[in-house]
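Here's a quick briefing on the fold, the packing and the charges of one chain. Have a look at the model first.

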Amino acid sequence: MTKAEIKKILIIQFRPFGDLILSTAGTELLKQHFPQAQQHFLAEPPFVDVLEEHPFIHKIIYVKKVTKIHRFLRFADWMTVRKEKYDLIIDYQNGSESRLFLPFSRAKYRLGWGKSKFDFLLNLKANYQQGVYAAIRNLAMLQPLGIQANSCQLYVTPSQKGIQLATNFFKENNILSTKVIGMAVGCRDAKKQWHLEGYVSLIKKMMALPNVHIILFYAPDELKDSTEVYDKVKCEQVSLYVPTGSLREVAALLQKLDLLICNEGSLNHLSCATLTKTLCLIGPSDTSMWSPQGYFPEHYHLDNDGKRWEKDFGLTVDTVFEKVCQIL
């Protein structure tokens, strides 16, 4: 392979939000290594939201979510990819559904993880790395291209609408505190959610800190949990931010925070892109794979190996509060 050969690159990552954010880790390095190449991205709505206005992605190809046998009969999508005449395809999705795009694409170079589903369709195979943060692992996939990474940056561009909404929210709620802490207490995956009683007690402790304001916010399907916590701690020091569901709008809010406290999920990766100081409370997730601590400055986590499946993850309110004070 020569650099001059690669004029058009396709990255495949259909879903979910967190994995799309993590797949942006290599876009800048690809731009540096193949400066003349366009980078396209194949993904599903609504997850493509995090790719809009990306500095190194030239085009997003939207594909609808399909289920069951239809995932193996995507002729229109296969032909859309084929017409683009890609020179290199990077398959981060790493499943049978994404692999089937490769032979139809007629791309000369097809890169993915070796020893995985349908890996005979690849002609460039990377070694899957265990025990490293997922964004760093994604960078390792680029090694067969001659790309060696010594740093990592994730990219999500805050929307202008989100910037204006966050600015207006701070003005309307008269938030002038020197320490503004955001808390996302909800979680789509219940087993990854620290218990709501813990969040309520934690907020009450944090309200005793000087010059602190707490903003609760949530995804559309997390309204119930967030309002329950808000109703139990309602006071002038706590506000409830209502996003529209766009992660690019949430990114605008994260940029204004001094600290984010969240469960393990997409926000933990989004905050890497916005360079937001973060404390993640990790339950049953694999900490070595899903925690940015040690790779991104100002990112921290708390976990307890022996009690990951308990509702409080084996983390007491005092333990979390002490960590918050240390970080602040």
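The chain's secondary structure adds up to 13 helices and 12 strands, read as DSSP runs (H or I over at least four residues for helices, E over at least two for strands) numbered from the N terminus. With a radius of gyration of 21 Å, close to the 20 Å from the globule rule for 328 residues, the chain is as compact as a globular protein of that length; the radius is taken over C-alpha atoms, and the rule is 2.2 Å times the number of residues to the power 0.38.

Keep in mind that this is a predicted model: local features need pLDDT of at least 70, side-chain atom pairs count only at pLDDT 80 or more, and totals for chains, interfaces and linings use all residues. Residues are numbered from 1 along each chain as its sequence is written, and side-chain values use heavy atoms, with hydrogens and water left out.

**Overall packing**
- Buried residues (under 20% relative accessible area, 1.4 Å probe, protein chains only) make up 56% of the 328 residues.
- Of the contacts (heavy atoms within 4.5 Å) with a separation of 6 or more, 63% join residues 24 or more positions apart.

**Cores**
- The largest nonpolar core (buried Ala, Val, Leu, Ile, Met, Phe, Trp, Tyr and Cys joined through side-chain atoms within 4.5 Å) has 63 residues, and Ile90, Leu145 and Leu154 touch the most other members.
- Helix H10 (residues 247-254) gives the most to this core, with 5 residues.
- Apart from it lies another core of 30 residues, including Met183 and Phe313.

**Charges**
- There are 40 positive (Lys, Arg) and 33 negative (Asp, Glu) side chains, with His and chain ends not counted.
- The centres of the two sets lie 8 Å apart, placing charges at NZ of Lys, CZ of Arg, CG of Asp or CD of Glu.

Conventions:
Buried < 20%, exposed > 50% of the residue type's maximum accessible area, 1.4 Å probe, protein only.
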